[in-house]
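Here's a quick briefing to read with the model open in your viewer. It moves from one residue of interest out to its surroundings, then on to the charged pairs and the overall numbers.

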Amino acid sequence: MITIGIIEDNHFQLNNYREFLEDFQECKVVFACRSMEEFKALPYKDPDVKAILLDISLPGESGIQGIEELKKTFPDAKIIVLSGHDGQQYVIESIMNGASGYIIKTSRLMEIYHSILDAVNQGGTLSPKAAHMLINHISKDPLESIKDKLTKREYELLALLKEGHTYKEMAEKLYVTVFTINQHLKKIYQKLNVASKSELISKIWSNNLF
């Protein structure tokens, strides 16, 4: 049995998804809410929910903001963002916040059903357009956009940092002292408006340097 939750603010679409999915013998919709606030107010939350269809344009707390709460409540559930937005920023932000899939609302109901099966059985699901955006994001070198903002040595150091090298290893590879590495990093922090090494690495891997 695939237990499913739905959070969708459009009353017609919410009922449409619920009625369609419950026509399948293996599917059971255990909650259907129109906002994150309504979901939080539920007196009982089935801990065995397998999949959640989540709109991101919700009144009050957005769907993207709600992913963390849903992951805490249902750590094993696959959260599938079902959105009218097809912009790359929505796809990337949803996946980075913990969603297991992203499909566009214009998808046919049968495609949504198969997306749920894919997420539950295979671990994830993406509409073709969302998949294309995610691939472009992953394949893009996050350092390329800032290459002209750094000196050659600063860029070399940042590339080594991205690969996971320690300060000592970077110093050896660049034939400088650890003190010099620290001085270069301080200048990089200022140029990229970050306060620490961990924040810098986080921005590198999220393609969010600017």
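**Aspartate 55 and what surrounds it**

In this predicted model, the side chain of aspartate 55 comes to 3.3 Å from the backbone nitrogen of serine 57. UniProt, in an unreviewed entry, lists Asp55 under "modified residue: 4-aspartylphosphate". So that's a good place to start looking.

**Where Asp55 sits**

- You'll find aspartate 55 in the loop that runs between β3 (51-54) and α3 (63-73).
- Is aspartate 55 buried or exposed? Aspartate 55 counts as buried because its relative accessibility is 3%, and the cut-off for buried is under 20%.
- Skipping neighbours within four places in sequence, aspartate 55 has contacts with Ile7, Glu8 and Asp9, and also with Gly63, Leu82, Ser83 and Lys105.

**The charged network around it**

- Which residues join Asp55 in a network of salt bridges? Glu8 and Lys105 do, so the three are linked.
- Within that network, the side chains of lysine 105 and glutamate 8 form a salt bridge at 2.9 Å, N to O.
- That pair links distant parts of the chain, with the two positions 97 residues apart: lysine 105 is in the loop between β5 (101-104) and α5 (109-122), while glutamate 8 is in the loop between β1 (2-7) and α1 (11-21).
- Glutamate 8 counts as buried, because its relative accessibility is just 1%.

**Other salt bridges**

- How many salt bridges are there? The count comes to six.
- As a general point, side chains of opposite charge can pair when their charged atoms come close.
- One of the pairs is lysine 191 with glutamate 154, whose closest N and O atoms are 2.7 Å apart.
- Lysine 191 belongs to helix α9 (residues 178-192) and glutamate 154 to helix α7 (residues 152-162), so this salt bridge ties together parts that are 37 residues apart in sequence.
- The two ends of that pair have their own burial classes: glutamate 154 counts as buried at 2% relative accessibility, whereas lysine 191 is partly exposed, with a relative accessible area of 39%.
- Glutamate 68 and lysine 72 also meet through their side chains in a salt bridge, at 3.6 Å, N to O.
- Why are glutamate 68 and lysine 72 separated by about one helical turn? They are four residues apart in helix α3, and that spacing puts about one helical turn between them.
- Glutamate 68 and lysine 72 are both exposed.

**Threonine 125**

- Threonine 125 is part of strand β6, which covers residues 125-126.
- With 8% relative accessibility, threonine 125 counts as buried.
- Leaving out residues up to four places away in sequence, threonine 125 touches Ile80, Ser100, Gly101, Tyr102, Ser115, Asp118 and Ala119.

**The protein as a whole**

- The protein contains 10 helices and six strands.
- It has 210 residues, and 44% of them count as buried.
- Of the contacts in the protein with a separation of 6 or more, 60% are between residues 24 or more positions apart.
- About 11400 Å² of the protein is exposed, and carbon and sulfur atoms supply 51% of that area.

How values were computed
Residues numbered from 1 in each chain as written. Predicted model: local features only at pLDDT ≥ 70, side-chain atom pairs only at ≥ 80, totals over all residues. Heavy atoms only, no water. Buried < 20%, exposed > 50% of the residue type's maximum accessible area, 1.4 Å probe, protein only. Contact = heavy atoms within 4.5 Å. Areas by Shrake-Rupley, 256 points an atom, 1.4 Å probe, with all protein chains shown as cover. UniProt positions renumbered as here; feature names shortened; annotations may be inferred. Polar contact = N/O pair within 3.5 Å; in protein donor to acceptor, adjacent residues only side chain to side chain. Salt bridge = Lys/Arg side-chain N within 4 Å of Asp/Glu carboxyl O.
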